[in-house]
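User: I should like a close look at a single part of this protein. Please explain in a connected way how that part is placed and what lies around it.

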Amino acid sequence: MPKSQMLDPVQLRKPGFIEFAPIPINQYRKTIREELQRYTGDDLLRMHRDMVVIRAFETMLNDIKLRRSYEGIECVHNGPAHLSIGQEAAAVGQAFHLGIDDHIYGSHRSHGEILAKGLSAIDKLDDNSLMHIMQSYFDGQTLRIVEKDAAGTVKDLAVAFLLYGTLAEILGRETGFNKGMGGSMHAFFPPFGIYPNNAIVGGSADISVGAALYKKVNSKPGIVIGNIGDAASACGPVWEGLCLATMGQYQQLWEEKHRGGLPLIINFYDNFYGMGGQTYGETMGFEVLARIGVALNPQQMHAERVDGYNPLAVADAILRKKETLENGDGPVLLDTLTYRYSGHSPSDQSSYRERSEIAAWQEQDPIVHFAAGLVEAGVCDQDALDKIEKTVNASMRAACKKASDLSLSPRTDLKKPSCLLECTMYSDLKVDSMEPERAPETLMPKEENPRVKALAKRNRSAFDASGQRLKDSQCIGIRDALFEAILDRFYVDPTLIAYGEENRDWGGAFAVYRGLTEALPYHRLFNASISEGAIVGSAVGYALEGGRALVELMYCDFMGRAGDELFNQLSKWQSMSGGLLKMPVVVRVSVGNKYGAQHSQDWTSIAAHIPGLKVVFPATPYDAKGLMYSALRGTDPVIFFESQRLYGHPEEFVPGGVPNEFYEVPFGEPVVRKTGDDLTILTVGATLYRALEAAQELEEKYRVSCEIIDARSIVPFNYEVVLESLKKTGRLLLTSDACERGSCLQTMAAKITQLGFWELDAPPVVLGARNWITPPDEIEDAFFPYPADILDVVHQHIIPLAGYQSRRDYSEEDLKRRAAQGI
């Protein structure tokens, strides 16, 4: 798409071959004695200590799961515990050279990664910094439990804090790092550079891409590591994330200041198993996972297999790959060979592998072999190693004793009003800029933008000064109103970026972004690969790091390609963090028509069903601009639906039309578009205008006065406006372009019946699209609700219309027939 990149057929049609560079496999060969030139003896002892900590922690959890106690301390945990016994060296080696600004994202098997990165951070931070972190984190709630009987140095206290906070989180205690809402598979601690771990296999891949994108766009220090398992290499979002991470534009099109690859390592902890499926020779065909790097860019992602049974080999690889990233030549793919002795979870009896295989790996145990190497190299004697083990075991017992004691470490009470989850599903903040001290990077003053100048010549309303209806092309439409709000926010928030398919140059598939290419540098507005999952997933990572993202899914139907990222990632991290994190992401989704079964579906109800998402669907330019302002100032994830039918539609309802200046339309507040006395019609999206047309016929021909309410928002939704209307009309029809079965209108109808039962003279009636595929444009009036359908339903179910002849059968018998047939 960029005109600067000429596609020369002469060059592209030349014959030739692709040559691949050799991929290093387990090339590290140094001994501990040789590494004493790079590391001190204390460094090496800390590596050993950290591995022992992880082994002891995971062994403790295994005992808790299987025996409901640890060393005589009763402790019950019914939740998950995916253990990494055997993988300690891989985690410790990775974390050893990472700084506080280096962030890791992990998987469901991440206890070892959390502890390794935490211990590494504790070693690097000074005492004052450590105390500030512990005292300020959730107002010292976790620290207060640990410091009651603390002894030793501040770093000793910090280690106890790390162990207790992690264990308390796993056990679901309110004093855990995420108030118990993350648990075993989602625990994290951002002050130490430990970012969210993920229960969805491969879930951290595209999220970590977004985290690295944040560092790249905003010139932040440090690198990002996305830790996932080898079986995750088969997951679609992982491949999408890898494609997004290796886009050529970072090296070729972005401005000089921001040019270069993402500061990202995608690290596969390659333990050869998913659950029971073996990636080597069974469920995958690569044999050596590092091979997949050759498919992604000419640098082959600098792919390498590293011996994760040797912490020094992993630490060496991280140092080398960090240098690669700092030189702007990322991203990197690491295949870190390791092995888990324990099953997928403690209930797993490892029936899918021979015990001799486990024994063979245990004979090469990384902790045992590293300890022997320390003694052989003269770094320490066995007494020193025994002392480390004794100290570690005592710290585990102390952590377990505190975390298992419900009087010290209670579970949060989710049955009380305004409980933790009620308060953290949304953050509900208003933030103009995620980084107010920094000026946004733009290419021109806003008032010089060519589209801004063009729109200044248009009428702000659908009507001229005399009240005459103007042509749509003479007026500000919904696409223009959206553009105005979005452009304005780019000049306020320097972290705001927009991306998706065909966003730059083209201006978006429906021309909302025309004019942004002239205004914004490449790193703030760019085209993404056709990777809907990674588009949304990377936006999650970008927001977790502290930025604001505006991403677009070209059609509503493409939400399915981003299902996990929308429904498991975007929606959940605020509450799973115990309210610590914010999620300022707006996902623009256009609802189509004319394009048949896979491009013309209204999936608002799917989004509305997922707790944690805000869902809006403006039908007027005034609301589109005001709701977009609200979305781009908020700190919650918003699914922003837009009707392709209405992009050019002007403002008909607000006197004076769409204001030039800033304003907000609040979420959750429906608005009365037309007053009436006999029937309330609640609309979502583009059906507003068909309802108005039907209302006109109902009044002129049948003397039925209709009150039309435009929902505007689906989540949240204030029912008071509808209930107040029912006090006058007593009757309710709800309509949208979503298929009727499972529609959010059904939820609204049920809730209104419950709340306003005594005001109703008849049951609410839902009129949605038919429960079919969307047919071709030429006959789609049989599918979507049109004015004739509204009159039919009113006549057959709400108010019999004198002399009216129904066009279609909406009788109770036909409704039962269709339900029985599943249509």
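Analyst: In this predicted model, the surface carries a patch of negative charge in which Asp381, Asp383, Asp386 and Glu389 gather. One of these residues, Asp386, belongs to helix 15, which covers residues 382–404. Asp386 is partly exposed, because its relative accessible area of 38% lies between the limits of 20% for buried and 50% for exposed residues.

Strand 8 offers a contrasting setting. This strand covers residues 332–337, and 6 of its 6 residues are buried, so the strand is largely enclosed by the rest of the structure. In a regular strand, side chains alternate between the two faces of the sheet. In strand 8, Val332, Leu334 and Thr336 point one way, while Leu333, Asp335 and Leu337 point the other way, and all are buried.

The neighbours of strand 8 may be considered next. Strand 6, residues 264–270, runs parallel to strand 8 and is joined to it by 6 bridges. Within this pairing, Asp270 stands opposite Leu337 of strand 8. Strand 7, residues 304–307, also pairs with strand 8 in the parallel sense, over 4 bridges. Here Asp307 has Leu337 in strand 8 as its bridge partner. Leu337 therefore faces Asp270 as well as Asp307, and it belongs to a strand that is largely enclosed.

A helix can be covered too. Helix 21, residues 563–570, has 7 of its 8 residues buried. Among them are Gly563, Asp564, Glu565 and Leu566, together with Phe567, Gln569 and Leu570.

How values were computed: Residues numbered from 1 in each chain as written. Predicted model: local features only at pLDDT ≥ 70, side-chain atom pairs only at ≥ 80, totals over all residues. Heavy atoms only, no water. Patch = residues over 30% accessible without salt bridge, like charges linked within 9 Å, V, L, I, M, F, W, Y side chains within 5 Å. Areas by Shrake-Rupley, 256 points an atom, 1.4 Å probe, with all protein chains shown as cover. Salt bridge = Lys/Arg side-chain N within 4 Å of Asp/Glu carboxyl O. Lys, Arg positive; Asp, Glu negative; His and termini not counted. Charge placed at Lys NZ, Arg CZ, Asp CG, Glu CD. Helix = DSSP H or I, 4+ residues; strand = E, 2+ residues; numbered from the N terminus. Buried < 20%, exposed > 50% of the residue type's maximum accessible area, 1.4 Å probe, protein only. Pairing = 2+ DSSP bridges.
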